[in-house]
Amino acid sequence: MSPDRERLARITAALRAANLDALVCALPSNVLLLTGYWPVVGTSIAIATRDGHAAALVPEDEHQLATCGWAEHIETFKPSTLDEIKPLQLAVTAPLKSLLQRIGPLRRIGCDAGLASEPASYAAMNLYAAELPRIFRRVMPGAKIAGV
């Protein structure tokens, strides 16, 4: 899919006006807004930067779906398996760090961490909510995280 240039320009302008380096979203409708990809179970994380780039962290089994969007950088993670059960926030930490290294330094980050109403995308769905800023504080300890 071709990037929605007008949407990316508006996101970039909003980030600059808010003096943010990036916007990080995990709500499926916001991931769609930033990347053109609709997550299936809500475990994906999208990042839009003030210089107009989009990136996505997606579960391995959604990688092909994510490539149908316009995220320039896509990193995958492996959620819990039959052999290993681990909390989602730990499963995304290392791949998120890797993705952020490819994007470049981010110091001021906006985050969708508030109350939300979301259309059901599947039989069940994950919502990071207040956990998303905590994940980013672990991955980028020096960054300022602002809830949006």
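Threonine 35 lies in helix H2, which spans residues 28–35, where helices (H or I, at least four residues) and strands (E, at least two) are DSSP runs numbered from the N terminus. The model is a predicted one, in which local features need pLDDT of at least 70 and side-chain atom pairs count only at pLDDT 80 or more, while totals for chains, interfaces and linings use all residues. Residues are numbered from 1 along each chain as its sequence is written, and side-chain values use heavy atoms, with hydrogens and water left out.

Threonine 35 is buried, with a relative accessible area of 1%; buried means under 20% relative accessible area, exposed over 50%, and partly exposed in between, for a 1.4 Å probe and protein chains only. Leaving aside neighbours within four places in sequence, threonine 35 is in contact (heavy atoms within 4.5 Å) with Ala46, Ala55, Ala56, Gly69, Trp70 and Ala71.

Leucine 33 is also found in helix H2, but this residue is partly exposed, with a relative accessible area of 36%. Not counting residues up to four places away in sequence, leucine 33 touches Arg7, Ile11 and Trp70.

The largest nonpolar core, a set of buried Ala, Val, Leu, Ile, Met, Phe, Trp, Tyr and Cys residues joined through side-chain atoms within 4.5 Å, has 25 residues, of which Ile47, Tyr128 and Phe136 touch the most other members. Helix H6 gives the most to this core, with four residues. Phenylalanine 136 touches Val24, Ile45, Ile47, Leu96, Leu100, Ile109 and Ile145, again not counting residues up to four places away in sequence. Apart from this core lies another, of 15 residues, among them Ile11, Leu15, Leu20 and Ala46.
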